[in-house]
Amino acid sequence: MKYGFINAANGTLSVQKSDRQFRGQEAWHLKAEGKTVSAVALVMKVRNKYNSYISAQSLMPFLFTESVKEGSYSRDSYVRFDRDNKIVNTNKGVFDIKKNTLDVLSAFYYARSLDVSQLSTGESIKLSYFIDDEEYSMVIKYLGKEEIKTDFGRMECLKFTPSLIEGRIFRDDSDMYLWITNDANRIPVKAKVEILIGSLTLELEDYDNLKYPLGTSLASVSNR
């Protein structure tokens, strides 16, 4: 993650099979970690960790946990999803949700799994997710295909702009753009987001254990 020309933070996203089961169902463990680096860490030390356990079949979350440490601010919380009763149990209480509500981490992986081949430029996908004791709607607008330069060569990507929550980081008019490889893996290779002052750019540095070789077309996988 870069703030202008400054290398501001590093982060990792990973997914693996979980040893835990939820109501007898197999689960996948999604993990995201991020921390500030270089001179930025001296000004604002950030150490954030997020975990989501999702159904291997539906990709709906069973449990979400977060550990947020940003300077003097810290927060540790959990969200347990009860879809039968359309509620979540959290460390702050019980809240009503919609049947297919996600958490912020599972929403990212769930969105990547959707078939967007029939979307026209300008069309949107709408998801619901729960964070900070509240349910929000996320609208993800498809902006079409775009070839961009990456550390792995020029790649054709699908470009999206998701809605953001105004708050400590984002303005009410902040925009975010996300580029996902137009292949069978749907790997995020670049993102750019406007914040209260300036903007942040995120670029993929490395990847490991992809299901398909990078660049494998979705059509070739579907025809197997």
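This passage describes salt bridges, a pocket, a surface patch and some backbone features of one protein chain, taken from a predicted model.

The structure holds 9 salt bridges, and two of the pairs described here involve arginine 23. This residue lies in the loop between strands E3 and E4, and with a relative accessible area of 60% arginine 23 is above the 50% limit and therefore counts as exposed. In one pair, the side chains of arginine 23 and aspartate 82 meet in a salt bridge with an N to O distance of 3.5 Å. Because arginine 23 belongs to the loop between strand E3 (9-22) and strand E4 (25-36) while aspartate 82 belongs to strand E7, this contact ties together parts of the chain that are 59 residues apart in sequence. The setting of the acidic partner contrasts with that of the arginine, since aspartate 82 has a relative accessibility of 13% and counts as buried, whereas arginine 23, at 60%, counts as exposed.

Arginine 23 also forms a salt bridge with aspartate 84, and here the closest N and O atoms are 3.0 Å apart. This pair again links distant parts of the chain, with arginine 23 in the loop between E3 and E4 and aspartate 84 in the loop between E7 and strand E8 (87-90), 61 residues apart. Aspartate 84 is exposed, its relative accessible area being 64%.

A further salt bridge is formed by lysine 98 and glutamate 135, whose closest N and O atoms are separated by 3.2 Å. Lysine 98 is placed in the loop between strand E9 (93-96) and helix H2 (104-113), and glutamate 135 in strand E11, so that the pair ties together parts lying 37 residues apart in sequence. Both partners fall in the intermediate class of accessibility: lysine 98 counts as partly exposed at 46%, and glutamate 135 is likewise partly exposed, with a relative accessible area of 24%. As for the pairs described above, salt bridges that share partners join Arg23, Asp82 and Asp84 into one network.

Arginine 23 appears once more in the description of the second largest pocket, which encloses about 260 Å³ of space. This pocket is lined by 13 residues, and those nearest its centre are Arg23, Pro61, Phe62, Phe81 and Arg83. Strand E6 (61-70) and strand E7 (73-82) are the elements that give two or more residues to the lining. By residue class, the lining of the second largest pocket divides into 6 nonpolar, 3 polar and 4 charged residues.

On the outside of the protein, Tyr3, Ile6 and Ile197 make a nonpolar surface patch of about 300 Å². Tyrosine 3 is situated in strand E1 (residues 2-3), and with a relative accessible area of 33% this tyrosine is partly exposed. A residue must have over 30% relative accessible area to be part of such a patch, so tyrosine 3, at 33%, is above that limit.

Two loop residues stand out by their backbone geometry. Most residues other than glycine have a negative phi. Leucine 59, although not a glycine, has a positive phi of about 70°; leucine 59 is located in the loop between strand E5 (46-55) and E6, and at 22% relative accessibility it counts as partly exposed. Aspartate 132 likewise has a positive phi, near 55°, in a residue other than glycine. Its place is the loop between strand E10 (124-131) and strand E11 (134-150), and aspartate 132 is partly exposed, with a relative accessibility of 46%.

Two C-alpha separations complete the account. Tyrosine 136, a residue of strand E11, counts as partly exposed at 22% relative accessibility. The C-alpha atoms of tyrosine 136 and aspartate 103, which are 33 residues apart along the chain, are separated by 9.8 Å. For arginine 23 and serine 120, 97 residues apart along the chain, the separation between C-alpha atoms is 39 Å.

How values were computed
Residues numbered from 1 in each chain as written. Predicted model: local features only at pLDDT ≥ 70, side-chain atom pairs only at ≥ 80, totals over all residues. Heavy atoms only, no water. Patch = residues over 30% accessible without salt bridge, like charges linked within 9 Å, V, L, I, M, F, W, Y side chains within 5 Å. Areas by Shrake-Rupley, 256 points an atom, 1.4 Å probe, with all protein chains shown as cover. Salt bridge = Lys/Arg side-chain N within 4 Å of Asp/Glu carboxyl O. Helix = DSSP H or I, 4+ residues; strand = E, 2+ residues; numbered from the N terminus. Buried < 20%, exposed > 50% of the residue type's maximum accessible area, 1.4 Å probe, protein only. 1 Å grid on protein atoms, 1.4 Å probe; cavity = no way out; pocket = protein on both sides within 12 Å on 5 of 7 lines; lining within 4 Å. Points joined across faces, edges and corners; volume = space filled by probe spheres on them. Nonpolar A, V, L, I, M, F, W, Y, C, P; charged D, E, K, R; others polar.
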